[in-house]
Amino acid sequence: MPASNERSSAAAADQAREFVITRLFDTSREVVFEAWTECEHLMRWWGPKGFKMLSCKNDVRPGGEFLYGMRAPDGSEIWGKWTYREVDRPERLVFIVSFADPAGNVTRHPSSPGWPLEMLSTVTFEEEGEKTKITVRWAPFNATDAERKTFEEGMESMRQGWGGTFDQFAGYLKEKRS
């Protein structure tokens with residue numbers, strides 16, 4: 001069967017096993033949203049622990065893109081792209097996530113060729129008193145059965161990566177408050 005016939009519909013993304021991670025931050029939602037969406041902040045914290053941002057372009061509007069490059073601890077470069085579908089400031093972002101090249105062209109995961117080309121991500125920012133709870137949801141989008149399986153098998157790695165990213169974000173917010 002051709003690959004195009006193996007691809008799921010957008011509705012099927014809802015049926016795939018979803019990755020979800022939540023963390024509470026001791027900062028107001030407005031400050032958290034700003035730090036999550038403005039390059040001057042993202043350059044100082046975005047990415048898993050040990051990764052350093054190289055480049056950031058972020059057009060936060062439906063149809064806009066966040067294109068970023070990071071250097072991994074081993075010296076390799078990783079590029080990623082979000083294409084925004086919904087922006088409900090400061091409550092929610094919905095976007096398609098993909099790996100990319102420096103020009104923003106979608107590419108395969110650099111170390112997992114079976115990874116989905118696209119993932120649907122929803123990030124919510126909920127007020128809890130003077131704190132903000134961030135929930136990140138990822139699901140394969142337009143993925144084959146094999147890509148969905150690879151995604152599900154990669155959930156522990158995603159948990160570690162997002163855990164490190166949240167740790168860096170918490171450190172940045174603490175530094176910003178000081």
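Let me begin with strand S2, residues 52-58, which runs antiparallel to S3 and is joined to it by six bridges, where a strand is a DSSP run of E with at least two residues, a helix is a run of H or I with at least four, and both are numbered from the N terminus. When I say that two strands pair, I mean that DSSP finds at least two bridges between them. As one example, Ser 55 has Gly 69 in S3 as its bridge partner. The hairpin of S2 and S3 has six residues between the strands, and within this hairpin Gly 63 takes a positive phi near 90 degrees.

Before I go further, please keep in mind that this is a predicted model, in which local features need pLDDT of at least 70 and side-chain atom pairs count only at pLDDT 80 or more, while totals for chains, interfaces and linings use all residues. Residues are numbered from 1 along each chain as its sequence is written, and side-chain values use heavy atoms, with hydrogens and water left out.

Moving along the chain, S3 and S4 also run antiparallel, and seven bridges join them; here Tyr 68 is partnered by Gly 80 in S4. Five residues lie between the strands of this hairpin, and Gly 75 takes a positive phi there, near 95 degrees.

In that same stretch we find Ser 76, whose place is in the loop between strand S3 (65-71) and strand S4 (77-88). Is Ser 76 buried or exposed? Its relative accessible area is 32%, so Ser 76 counts as partly exposed, because buried means under 20%, exposed means over 50%, and partly exposed is what lies in between, using a 1.4 Å probe and protein chains only. The side chain of Ser 76 makes a polar contact of 2.6 Å with the side chain of Asp 74. A polar contact is a pair of N or O atoms within 3.5 Å, where, within protein, one atom must be able to donate a hydrogen and the other to accept it, and residues adjacent in sequence count only if both atoms are side-chain atoms. Leaving aside residues up to four places away in sequence, Ser 76 touches Met 70 and Arg 71, contact here meaning heavy atoms within 4.5 Å.

Glu 77 is found in strand S4, and with a relative accessible area of 43% it is partly exposed. Not counting residues up to four places away in sequence, Glu 77 touches Leu 54, Met 70 and Arg 71, and a polar contact of 3.2 Å joins its side chain to that of Trp 79. How far apart are the C-alpha atoms of Glu 77 and Asp 101? They are separated by 9.6 Å, although the two residues are 24 residues apart along the chain. For Ser 76 and Phe 95, which are 19 residues apart along the chain, the C-alpha separation is 25 Å.

Next, S4 and S5 pair in the antiparallel sense over nine bridges, with Ala 100 in S5 as the bridge partner of Trp 79, and a hairpin of three residues joins the two strands. Pro 90 is found in the loop between S4 and strand S5 (92-100), and the peptide bond from Arg 89 to Pro 90 is cis, with omega near -5 degrees. That deserves a remark, because most peptide bonds are trans, and most residues other than glycine have a negative phi.

The second part of that remark leads to Asn 142, where phi is near 55 degrees, a positive value in a residue other than glycine. Asn 142 has its place in the loop between strand S8 (131-141) and helix H5 (145-153), and it is partly exposed at 27% relative accessible area.

Within strand S8 itself lies Thr 135, which counts as buried at 7% relative accessibility. The side chain of Thr 135 makes a polar contact of 3.2 Å with the side chain of Thr 22. Setting aside residues up to four places away in sequence, Thr 135 has several touching residues, including Val 20, Thr 122 and Glu 126.

Let me finish with the lining of the largest pocket. S3, S4, S5 and helix H6 (155-177) each supply at least two residues of this lining, and H6 gives the most, with six residues.
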